[in-house]
Amino acid sequence: MISVCIATYNGQDYIKEQITSILKQLSSEDEIIISDDKSYDDTIEIITSINDKRIKIYNHSPLKGSSFRKATFNFENAIKKAKGDYIFLSDQDDIWLPNKVEKTLKYLDDYLLITSNFYFYRDNQKLNKRFIDNFSPIRSSLLGNLYHLPFKGCCFAFKKELLQYILPFPRNIIVHDAWIGCVAFRLKSIGYISEPLILHRIHGNNVSYNKNQPFLFRIQYRMKLLLNLIFKRF
């Protein structure tokens with residue numbers, strides 16, 4: 001069974017296109033878990049109108065703090081609800097390319113977590129630019145990964161066995177994908193698919209593409225990650 005976890009917040013512009021691209025790849029036994037941070041636009045109405053029994057919607061009360069922190073614990077809520085043997089994470093505004101699920105599952109035979117390449121997508125057009133071209137973005141050391149943070153949660157899929165190591169999220173972390181990726185790295189069970197498997201939409205409201213993060217903020221969340229990883233028992 002597959003669970004696809006989506007954290008939503010005011011995603012009315014793109015959510016239907018994303019869910020449609022996912023449903024095409026799921027069986028009747030699979031599920032899409034929606035955790036919504038009190039959207040005040042038509043996000044929930046649009047999702048409900050799809051009228052598919054595989055979609056399950058849960059409400060989540062947003063935490064205080066940065067948009068990163070809010071998204072992180074919205075995702076945690078979705079992940080906690082997942083019942084699948086394989087858990088995929090999805091942003092609310094991307095598009096999955098055909099066969100993403102099929103190709104990812106093959107790699108999950110050998111790893112706890114798989115991440116993949118992606119195409120950038122802007123103004124309804126696929127850009128030739130990929131996240132990375134000819135080699136894995138995952139570094140060979142924990143400190144290297146903390147410095148570069150190459151992990152993109154929208155490309156993650158992992159076995160349910162990973163849940164015992166990542167849940168609950170430490171209360172002081174800021175970005176969920178960095179936490180999950182670094183834990184899988186420490187377990188020496190993370191793989192990379194060089195083929196792009198999603199269209200990653202770039203627009204004015206992307207949380208992960210906020211280029212105005214203060215330097216001190218970037219140092220702070222890396223230090224919190226490192227401390228949590230040091231004291232985490234594996």
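**View 1. Lys-160 and Asp-85 meet in a salt bridge.** Lys-160 has a relative accessible area of 39%, so it counts as partly exposed (buried is under 20%, exposed over 50%, partly exposed in between, with a 1.4 Å probe and protein chains only). Its partner Asp-85 is partly exposed too, with 32%. The N-to-O distance for this pair is 3.1 Å; a salt bridge here is a side-chain nitrogen of Lys or Arg within 4 Å of a carboxyl oxygen of Asp or Glu. Asp-85 sits in the loop between H3 and S4 and Lys-160 in the loop between S8 and H6, so the pair ties together parts that are 75 residues apart in sequence. Helices (H or I, at least four residues) and strands (E, at least two) are DSSP runs, numbered from the N terminus.

A note for all views: this is a predicted model, where local features need pLDDT of at least 70 and side-chain atom pairs pLDDT 80 or more, while totals for chains, interfaces and linings use all residues. Residues are numbered from 1 along each chain as its sequence is written, and side-chain values use heavy atoms, leaving out hydrogens and water.

**View 2. Glu-76, Lys-80 and Arg-171 are linked in a salt-bridge network.** Glu-76 and Arg-171 come together at 2.8 Å, N to O. Glu-76 belongs to helix H3 and Arg-171 to the loop between H6 and H7, so this pair ties together parts that are 95 residues apart in sequence. Glu-76 is buried at 4% relative accessible area, whereas Arg-171 is partly exposed at 46%. The whole structure has seven salt bridges.

**View 3. Strand S2 is mostly covered.** Residues 31–36 make up S2, and six of its six residues are buried. Glu-31, Ile-33 and Ser-35 point one way, with Ile-32, Ile-34 and Asp-36 pointing the other. Glu-31, at just 1% relative accessibility, is buried, yet it has a salt bridge to Lys-56, with the closest N and O atoms 2.7 Å apart. Lys-56 lies in strand S3 (residues 55–59), so the bridge ties S2 to a part 25 residues away in sequence.

**View 4. Val-4 has bridge partners in S2 and S4.** On one side of the pairing list, Val-4 goes with Ile-32 in S2; S1 and S2 run parallel and are joined by six bridges (strands pair if DSSP finds at least two bridges between them). Val-4 also stands opposite Phe-88 in S4, and S1 and S4 are parallel over five bridges. Phe-88 in turn stands opposite Ala-157 in S8, where the pairing of S4 and S8 is antiparallel over three bridges. Four of the five residues of S4 are buried, so the strand is largely enclosed by the rest of the structure.

**View 5. Phe-158 is one of the best-connected members of the largest nonpolar core.** A nonpolar core is a set of buried Ala, Val, Leu, Ile, Met, Phe, Trp, Tyr and Cys residues joined through side-chain atoms within 4.5 Å. This one has 42 residues, and those touching the most other members include Ile-79, Leu-89, Phe-158 and Trp-179. Among the elements supplying at least two residues each are S1, H3, S4 and H8, and H7 gives the most, with seven. Leaving aside neighbours within four places in sequence, the contacts of Phe-158 (heavy atoms within 4.5 Å) include Ile-79, Tyr-86, Leu-108 and Ile-166.
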